[in-house]
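Me: I should like to go through the assignments in this structure and the criteria behind them. Please set each value against its definition.

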Amino acid sequence: MAAPAKRVEQLDRVVIRFAGDSGDGMQLTGDRFTSETAQLGNDISTLPNFPAEIRAPAGTLPGVSSFQVHFADYDILTPGDSPNVLVAMNPAALKANLADLPTGADIIVNTDEFTKRNLTKVGYSVSPLEDGSLDGYALHPVALTSMTIGALAELGVAKKDAERAKNMFALGLLSWMYSRPFESTIRFLENKFAKRPDLVAANKAAFNAGWNFGETTEDFSVRYEVKPAKMLPGTYRNITGNAALALGLVAAGVRAKLPVFLGAYPITPASDILHELSKHKRFGITTMQAEDEIAAIGAAVGAAYGGALGVTTTSGPGVALKGETISLAIALELPLVIIDVQRAGPSTGMPTKTEQADLNMALYGRHGEAPLAVIAPRSPSDCFHAAIEAARIALKYRTPVILLSDNYVANGSEPWLLPDVYDLPDISVPYTTEPNGDDGRFLPYLRDPETLARPWAIPGTPGLEHRIGGLEKADKTGDISYDPANHEFMVRIRAERIESIPVPDVEIEDPDENARVLVLGWGSTYGPIGAACRSLRQRGLPIAQAHLRHLSPLPANLGEVLKAYDRVIIPEMNLGQLAHVIRARYLVDAVPFNQVSGLPFTAATLENMLEDVVKNG
């Protein structure tokens, strides 16, 4: 007798978190569920969270890895605050994530891992599955491991390989629960394990077993559907911030009509940019994995001197090491893009956790007066356009540009509307090919009157031989100079060149134009701030939002905007670095709101704080 058809319920949004040991494949499971969801046209935002260790101790709280995906039938801005569903592969995963769950949330637990030994590892004297502590949730005990082994028994798969496939069982179950398509996952498995047909068969069987379990078990009586979100027409793909940065650099090279050279040393969480760029040699991309951070940026400066778009990627510790060579590039006045994917510090800190604490270093972290341009993308897909903007400024104004991403943006993902390459800006700049002095000489520091940029003369161009190096240059001639007046002039003209870069005015989101409180953000705080402000407005509380992409130079209208509001609140994942800049520069009593937990703000945290400010001043 056929099982009765399950009831289908419509939802507008869902937040799911997969959690388990680092070796349980939670990142892969979350990524595949995200890809399935993207195919349905839902809006998506994701938050991977994993330990820094390659293989943290199994079954322990520090070893828990998780992947959260928020999908909806409308525009969303964050990966969600509280999961509606937690898939916990062991007691550690349950304990590490339980506090984030709202009452009534679904908890799917792998009962096979709730052994006395595993419970003791995380401080459970009695199993939470039996002591009533989970009565406020919808608990679904599922023997994921043993059911997976059983499903693969006839395939002759080794027990260890069969156990590893339990994440595919969980993926199949969740794909059934939320009516996700599974064809792309099957193709993925066939490609990933193409050289191991036995593993293809095992993982496909585990996925199908999970799907069929959902279809037949009485524990899951409802399936859910989330309709596609209304989006602008076009072709979309799900993209991470690091992938978007890499593709943005490819596009920048194409639109600049220049080869791109990346000098990089592997460092979490920036290494994926190197990995992705290395795949695109056909677009004139050259990648070099250097022996250290200093060699990486040295090679990039050399490439810029040779006429390429020079790029180096790193995180905070690497920027510290690169500081002297960044100063050299400032003195040479060469185009260079430095991508800093920020992580929690100081020192080695927490390599896989997020932070916004490198702003001071980006703005000021060099010896001498050494200004440069600084920009920050606000979301994973925005990284593509931020990379092009960084390249445009570097090339046009002959300056290093620091692009401040962070771990939250870099590893998170969202839908990206693929642009038409020919709609992207032309950022090409001409090399200097002829002497520019009145007497027929070449003057390497004779400046363009509009941009204050010096000529970009490629080595080997006849008649354009000139001296380079870190010693102070004489105005126009580029000769070594120790003259006090010349040094003052060169210091001031380098600063003026950066300050005079035209950047777009900051835009204000204040729909009713009656807000007295302005929330100012930069970088990855855009999503949580936007979600909090949206919620407050829906409740009738007026609040304005502004977000900075350009941090050096700052938008020309920013001072006027700040003075138009009674209160200015600046949430940051640091101890108030932008707030200090704003207070010093504009003499505005900007109020910082800070968090340095290694995790992004939740929208609820910001909403509660901002509600109090709006109501009580």
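Me: What is the sign of phi at Leu-587, and which helix does Leu-587 follow?
Reply: Leu-587 comes after α19 and has a positive phi, near 55°. Helices here are DSSP runs of H or I with at least four residues, strands are runs of E with at least two, and both are numbered from the N terminus. In α19, which covers residues 577-586, the buried residues are Gln-577, Leu-578, Ala-579, Val-581, Ile-582 and Tyr-586.

Me: On what basis are these values given?
Reply: The model is predicted: local features need pLDDT of at least 70 and side-chain atom pairs count only at pLDDT 80 or more, while totals for chains, interfaces and linings use all residues. Residues are numbered from 1 along each chain as its sequence is written, and side-chain values use heavy atoms, with hydrogens and water left out.

Me: Why is Asn-557 called buried?
Reply: Buried means under 20% relative accessible area, exposed over 50%, and partly exposed in between, with a 1.4 Å probe and protein chains only. Asn-557 has 14% relative accessibility and therefore counts as buried. Asn-557 sits in the loop between β20 (550-552) and α18 (558-563). Beyond its neighbours within four places in sequence, Asn-557 is in contact (heavy atoms within 4.5 Å) with Asp-505 and Val-506.

Me: What makes Arg-534 and Asp-75 a salt bridge?
Reply: The term requires a side-chain nitrogen of Lys or Arg within 4 Å of a carboxyl oxygen of Asp or Glu. The closest N and O atoms of Arg-534 and Asp-75 are 3.0 Å apart, and the pair forms a salt bridge. Arg-534 belongs to helix α17 (residues 526-538) and Asp-75 to the loop between β4 (64-72) and β5 (85-88), so the pair ties together parts 459 residues apart in sequence. Arg-534, at 28% relative accessible area, is partly exposed; Asp-75, at 44%, is likewise partly exposed.

Me: Which class, buried or exposed, applies to Lys-279, and which to Glu-276?
Reply: Lys-279 has a relative accessible area of 54% and is therefore exposed. Glu-276, at 17%, counts as buried. Their side chains meet in a salt bridge, with an N to O distance of 3.4 Å.

Me: How do you know that Arg-539 and Glu-607 form a salt bridge?
Reply: Their closest N and O atoms are 2.5 Å apart. Arg-539 lies in the loop between α17 and β19 (544-548) and Glu-607 in helix α20 (residues 603-616), 68 residues apart. Salt bridges with shared partners join Arg-539, Glu-607, Glu-611 and Lys-615 into one network.
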